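Subject: A structure for you to look at

Hi there,

Here is the structure I promised to pass on to you. Have a look around first, and then read on for what turned up.

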Amino acid sequence: MEKFENAVEVLKNNLADAIVECRVPKPRKAYILLKPERHREAISLLLKHVEDAELSTISGTDLGNEIELNYHMACGGTVTLKNRVSREKPVTRTITDILPGANLYEREVFDLLGVTFEGHPNLERLMLPENWPKGDYPLRRDWKPNANQEGESNSEEASQTESAAELDDAGSVISVVMGPQHPLLHEPERFTFKVDGETVVDAEMRLGYVHRGIEKAAERMMYFQDVFLVERICGICNAAHTTCFCQAVEDIGNIETPPRALYLRTIIHELNRVHSHLLLLGVAGHLLGFEALFQHVWRDREPIMDIVERITGNRLMSGFNAIGGVRRDITPNTVEKALKSVEEVRKRAKFYKVVFEEDATLRLRTEGVGVLSKSDALKLCVEGPVARGSGIDVDVRKEDPYAAYGEIPFNVICYKDGDTWARLMVRAEEVVESLDIIDYALGNLPAGRLRVRVQRKQPEGEAVSRVEAPRGELIHYVKSDGTAYPYRVKVRSPTLANLVAFPEIIRGAYIADIPAVIGSFDPCFSCTDRMVFLDTQNGRRWRWSLDEVNNSKNRNVVS
Amino acid sequence: MHIDCRVTGCLSDHHDRFIINLPVQPISGTKNSCQRRKKLNVCMRGEGVFQKAASKRYPIQVPHILRYNRLSCIDTGVCSLSPRNDQPLHFADLFGYNFSSGSTASGRLLNTPDLGLLKWARTKSPWLLHFNTGACNGCDIEVVALLTPRYDVERFGIKLEPSPRHADILVVTGPVTKQCKPRLETIYQQMPSPKFVVAVGACACSGGIFQGCYNISGRLDEIIPVDVYIPGCPPKPEAIVQGVAKLLAKLKG
């Protein structure tokens, strides 16, 4: 709390001439409109004077004549620095030299809104599919679907043929391609690893296979419908997304959520976290070749799915949160059953923690592999278990309590090692913490209403909402123009924040370590891709996967 | 001499030629099992290897032990391969169907009256290839959950297979994004015939909530033919098992 007030004071004292407007409508949420091109000074100031300040994301909004860039800085709360650029000539200065972690966010804005960041090291028109028409920015308000979408068919084919020669490798460095269809990844993404012998010297990512355009879709649905849309950003952490979105809308509409609803939200949110972490621990076992661990952990995850199904009616998509509360109550009978299951799972979770601590093979495979130092982690703005594995004590639930977290005692798990093992251990211990939270919340459930009536129209305004999703800090930014439809919804998922650090971490590791390191990141590309498409260094190149190379040869042989 | 063995392979027509892919392992506990394992634990691919195995005079009983499938009521089609003057065995002889010419032959070795090894293998060990074409992970998690102890589809011989070349059934989750569409088509082409497609989840069946989004190509059956639709958001693992079982029933004819 003090950190946040300190941050606002610092800005007011040192940048008084640059601040046009400063609003603090809610505790720990500040919106500061700056004069054009003063954002770099403001961000430098925050980084200098506030401990562990990080950039959460950059969101762009098309206001009609201007494009507003919101730099959401996490420092005890969220300080949103607004920098407006003209729509006719959308150019501004980059902040990647001050904060390398802004790299992907600026590219996202560049691609979807057409704002140019001067001085960005690698600002290329890349985020949408290869064949997306140039100068077509889907997040501008006047953008119409299918206006320029003709002739989309063969251009990818063409770009594949062009760049087949690029697989020629220089010297002893060889490119190894993984994905988009690869047993290691259950989601379609493509990594290109440059390897020298067995050592990875560089990594490139190509995302966007899961890019569906949810932010645009959210603008054409009403607020209460959008809850179901944002839920489908990610099937694993759906409760985090709905909680975050509902909080933002409740902020805008000044809606008071009943305490019982807050507790129920917390319970579902934590159940989500438990199943997500167990899922990852199992998958990590699978990736390390520890198949028995995978099967055991997933078996023990089933009781959690059963509780979720009992409470919400569905195993994954809970459809539980609504604006102004929750949609279902929990019966005493269910509470009793849930407590029993939690007890069971807790025993197993403690056992798995011991497995991760004591299994010699597992430690050999993960210790000292993919190390991310604390200073690098801060510079690259990583979030969640990845940051906590590197010794950064960051957790939105503690720092900026939402739902019922202010009243529930729990510990933030933090490891200093920064390696793959530490990131896995953070999750293993968090499972136990989360089970304790569920236990407490179920035992101290306040009585009262489930939800308040909410009008479809929301007043004009804007809100930033943060929650701690299983993979880290999740941010929703909602802007309302006074109708029943949101003017802009912006989502920043934790995986996007963490992916910036991936090439840094994998450099120097062995090929055999790639699965372990990817696993310890717990990447969730359905969250990440909803709006983003990037290729960190490779420009517009297109490479063939090994499968495709085989395929073309076969085709030649056959024909 | 007869050696019990289990079959964990799949059948596929690779390179325009039929290949039988049978890693043969003697069941442990028999005398000298280590020795036999050494000799026989080869992945038999193609007729050449068949000949080699046969010429060493190891008649192979296919398949006697069905523990792998955990189904007791399999019409086993017990057959023996015996060496015949060291002549290579031709697949048309084995299965009664020539894939390259489409002609039928006697199927003198493995063709049981109405259920050849081919069909048997296809229905008893369907290998799935899972491809996510833009799903939210909900369906994907449920597909993976199928493999874990509570649902355990391996008892039907179902296995998730990483390579399209070896897969029989393509399981697709999610609405098809524009970025994924060419990949999906490539993967479908790479799969050996006969191939089957299962659309898992509301998005794959109809586009779901993402209908009309700017980066969506459309529902799955606008792009490749679909055999089974499993609706739900996400469908429960039981529903997916039922969908696959329906597909298997269809295969049996």
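Two strands count as paired if DSSP finds at least two bridges between them. With that in hand, look at strand 1 and strand 2 of chain A: they pair in the antiparallel sense over five bridges. One of those pairs is easy to find, since Cys22(A) has Ile32(A) in strand 2 of chain A as its bridge partner. The two strands form a hairpin with two residues between them, and Arg28(A) in the turn has a positive phi of about 65°. Please keep in mind throughout that this is a predicted model.

Now for the sheet around that hairpin. It is an open sheet of five strands in chain A, in the order 1-2-5-4-3, with mixed pairing. Its edge strands are strand 1 (19-26) and strand 3 (54-62) of chain A, each pairing on one side only. From one strand to the next, the twist averages 20°.

Which way do strand 2 and strand 5 of chain A run, parallel or antiparallel? They pair in the parallel sense, over five bridges, and Lys29(A) stands opposite Thr78(A) in strand 5 of chain A. Strand 3 and strand 4 (residues 66-74) of chain A, on the other hand, run antiparallel and are joined by eight bridges. There, Leu55(A) stands opposite Met73(A) in strand 4 of chain A.

Helix 1 (residues 2-14) of chain A lies across strand 1, strand 2 (29-34) and strand 5 (78-86) of chain A, at about 160° to strand 1 of chain A. Strand 2 of chain A is mostly covered, with five of its six residues buried.

Met73(A) turns up again in the largest nonpolar core, which has 199 residues: Leu46(A), Met73(A), Leu170(B), Val198(B) and Val200(B) touch the most other members. Helix 8 (residues 259-287) of chain A gives the largest share of this core, 15 residues. Over in chain B, the contacts of Leu170(B) beyond four places in sequence include Leu129(B), Phe131(B) and Ile187(B).

Chain B has eight helices and 13 strands, and 43% of its 253 residues count as buried.

Finally, a word on confidence. Chain A has a mean pLDDT of 83, and 87% of its residues reach 70 or more. Over residues 530-559 of chain A, though, the pLDDT is below 50, and it also stays under 50 over residues 150-168 of chain A. Where pLDDT is low, the predicted coordinates should not be read in detail.

Enjoy exploring!

Best wishes

Definitions and conventions. Residues are numbered from 1 along each chain as its sequence is written. Chains are lettered from A and ligands numbered from 1 in the order in which they are written. This is a predicted model: local features need pLDDT of at least 70, side-chain atom pairs count only at pLDDT 80 or more; totals for chains, interfaces and linings use all residues. A nonpolar core is a set of buried Ala, Val, Leu, Ile, Met, Phe, Trp, Tyr and Cys residues joined through C-beta atoms within 7 Å. A residue is buried if 20 or more other C-beta atoms lie within 10 Å of its own, exposed if 12 or fewer, and partly exposed in between; C-beta atoms are placed from the backbone. Helices (H or I, at least four residues) and strands (E, at least two) are DSSP runs, numbered from the N terminus. Two residues are in contact if their C-beta atoms, placed from the backbone, lie within 7 Å. pLDDT is the predictor's confidence in each residue, from 0 to 100. Axes are lines fitted to C-alpha atoms, for helices over the stretch in contact, and angles run from 0 to 180 degrees between N-to-C directions.
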